[in-house]
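Subject: Structure handover

Hi,

Here's the structure I said I'd pass on. Have a look at it first, then read on for what turned up.

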Amino acid sequence: MRILPIYILLIILSSCSKQESNPVTPITLVTPIIPPAPTKFLETHTSINQKTSWYITNKLFDGTFFIDKDPAKVNSLYDNKGTVGFNYIPNVLSYHSNRQSFFMGDLNGDGKTDIFNNYWPGPHGTNKPGYYVTWEYEKLAFTKPNIIQGLTGARKLIFNDYYGNGKLGLLIASSGVDALPFPGDSVQIVSFGTDLSMTLKNITEVLGYYHSGSSGDVDNDGDIDLLMYSGGSQTKMGPVYFENIGNGNFKYNANLITGLGYDLGNANNYYCMELFDVNKDGYLDLILGGDNKSRASRVIWGASTHKFNTNNQTILPAQTSFTSVMDMAYTDLDKDGDIDIVLLHEINYQGFGIQILENQNNTFVDVTSAKVDVASLPNSIWAGWMRLYDLDKDGDYDLVADGFGYRQNQSTPDGQPTPKIIWVNDGKGNYKSSFLY
């Protein structure tokens, strides 16, 4: 064996000694940061809530309208000058886009965002049908949208599976012409084809000034029932229940609610109503948004009888500086296991405000001042709907206003530019406002 020179051996030994006294720091593998999977848009709450129109509408809502980077693309959706679809409507100048009955979501189940827009006849008080228009949002530069003649005064869009076929349908709450003698309107269900074509079904058993409505499995028999509210007219006023008797056929049932009344001159005239299982007992509750004065906002609790009685109700705190409730949202804001309620108000149709009601053993406490930095702007613009949406993608639900009214009058063709009105959740149920115009 060959013997190494002594100086090479010394170098090797010296090197080994240094390695032993100063070991090489091991390489630490850095685990890549993987963004969390998107949260479910809405909590399940109970299985029956997954069938309510409120749950489905908010689940469909994707917030594109508020976060689109092309303002021209967004604002043109409300254009009243004929550039978006009006060319295809007869007597185009006598119709205007109704911001409260406008929706963005996947209407035909193809995974793409679609548009549903409604056009009212003008001038205000004209008694003739309006028009519905659909198209894909990604195809804003369309050549010919789907257009069909609809009801006169569409007020609210109520999404659900009305025929039990797994397909989305749209229930229209229409007031009819908003002028004397207030003849009211029928109830209508819109079905969408794969090409976004529309098929209409009218329910004419009870005509009414339907300013609000909701849907869900009221009697827990597996199909979707309709609950409308007729108010503000010379037709009968009060709740109008259409029970699903099978295969998407509906029959008026006068025996659902006791204590609210259904007659001429009824003081209980509500413009905002929803069905939702607030106490998570498996039965839908009826929530009514009032005017903060003579008509109190309330929750009428559902029961195994599948009926509602005002003897079993909880009155919600009024906000006397606001005019009336426009919409409501439900979620566990403080993560204590129960359902809290958010109310969206208008203020003389020239401003907006929200109200945070914390559920304390099915009694509701107004905690708005502690939870929101700026809850209202009295002289601004009013909004029709309140959505829950994870706007900043941090896993909690922010509040997003939708369905904006014109500053002076909804029929005014040159309303303000569409605003962005949001309240961002800090993860603990505290909300920071952002109002951009």
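A quick definition before the sheets: two strands count as paired if DSSP finds at least two bridges between them. Keep in mind too that this is a predicted model.

**How far to trust it**

The mean pLDDT of the protein is 82, with 77% of its residues at 70 or more. Which element comes out lowest and which highest? Helix α1 (residues 6-21) has the lowest mean pLDDT of the elements, at 40, while strand β22 (residues 363-366) has the highest, at 98. Across residues 1-39 the pLDDT is below 50, and beyond near neighbours in sequence this stretch has 4 contacts in the model. Residues 79-86 also stay under 50, and for them the model has 21 contacts beyond four places in sequence.

**The overall picture**

The protein has 5 helices and 27 strands. Of its 437 residues, 54% are buried. Looking at contacts between residues at least 6 apart in sequence, 54% join residues at least 24 apart.

**Two open sheets**

Let's start with the one towards the end of the numbering. Four strands make an open sheet here, in the order β24-β25-β26-β27, with antiparallel pairing. The edges are β24 and β27 (431-436); each has a single partner strand, so one side of each is left without a neighbour in the sheet. From one strand to the next the twist averages 20 degrees. Inside this sheet, β25 (residues 398-404) and β26 (residues 420-425) pair in the antiparallel sense over 2 bridges, and Val400 sits opposite Ile422 in β26.

The other open sheet also has 4 strands, ordered β5-β6-β7-β8 and paired antiparallel. Here β5 and β8 (198-208) are at the edges with a single partner strand each, so each has one side without a neighbour in the sheet. The twist averages 25 degrees from one strand to the next. Strands β6 (residues 169-174) and β7 (residues 185-192) run antiparallel and are joined by 4 bridges, with Leu170 opposite Val190 in β7.

**β10, covered on both faces**

As a reminder, in a regular strand the side chains alternate between the two faces of the sheet. So how many of the residues of strand β10 (residues 225-230) are buried? The count is 6 of 6. Asp225, Leu227 and Tyr229 are buried on one side, and Leu226, Met228 and Ser230 are buried on the other.

β10 has pairing with two strands to look at. With β9 it pairs in the antiparallel sense over 6 bridges, and with strand β11 (residues 238-246) it pairs, again antiparallel, over 5 bridges. Met228 is a handy residue to click on: Gly213 stands opposite Met228, and in β11 the bridge partner of Met228 is Val240.

**α2 and the empty space around it**

Is helix α2 (residues 53-60) mostly covered or mostly open? It is mostly covered, with 6 of its 8 residues buried. Those buried residues are Ser53, Trp54, Tyr55, Ile56, Thr57 and Asn58. What covers them includes β1 (95-105), β5 (154-160), β9 (210-216), β14 (272-276), β19 (324-331) and β24 (383-389). Two of the strands in that list are also edge strands of the open sheets: β24 in one and β5 in the other.

α2 also turns up in the linings of two spaces. A search of the whole structure gives 5 cavities of 30 Å³ or more, and the largest cavity holds about 150 Å³ of space. It is lined by 15 residues, with Thr57, Lys156, Leu157, Trp385 and Arg387 closest to its centre. Each of α2, β1, β5 and β24 supplies at least two residues of that lining.

Then there is the second largest pocket, with about 320 Å³ of space. Its lining has 18 residues, and Gln50, Lys51, Ile56, Asn160 and Asp161 lie nearest its centre. The elements giving two or more residues to this lining are α2 and β11, and α2 gives the most, with 4 residues. Within α2, then, Thr57 is among the residues closest to the centre of the largest cavity, and Ile56 is among those nearest the centre of the second largest pocket.

Cheers

Key: Residues are numbered from 1 along each chain as its sequence is written. This is a predicted model: local features need pLDDT of at least 70, side-chain atom pairs count only at pLDDT 80 or more; totals for chains, interfaces and linings use all residues. Side-chain values use heavy atoms; hydrogens and water are left out. Buried means under 20% relative accessible area, exposed over 50%, partly exposed in between (1.4 Å probe, protein chains only). Contact means heavy atoms within 4.5 Å. Axes are lines fitted to C-alpha atoms, for helices over the stretch in contact, and angles run from 0 to 180 degrees between N-to-C directions. pLDDT is the predictor's confidence in each residue, from 0 to 100. On a 1 Å grid over the protein atoms alone, a cavity is a set of points where a 1.4 Å probe fits but cannot get out, and a pocket is an open set with protein on both sides within 12 Å along at least five of seven lines; lining residues have an atom within 4 Å of a point. Grid points are joined across faces, edges and corners, and a volume is the space filled by probe spheres set on the points.
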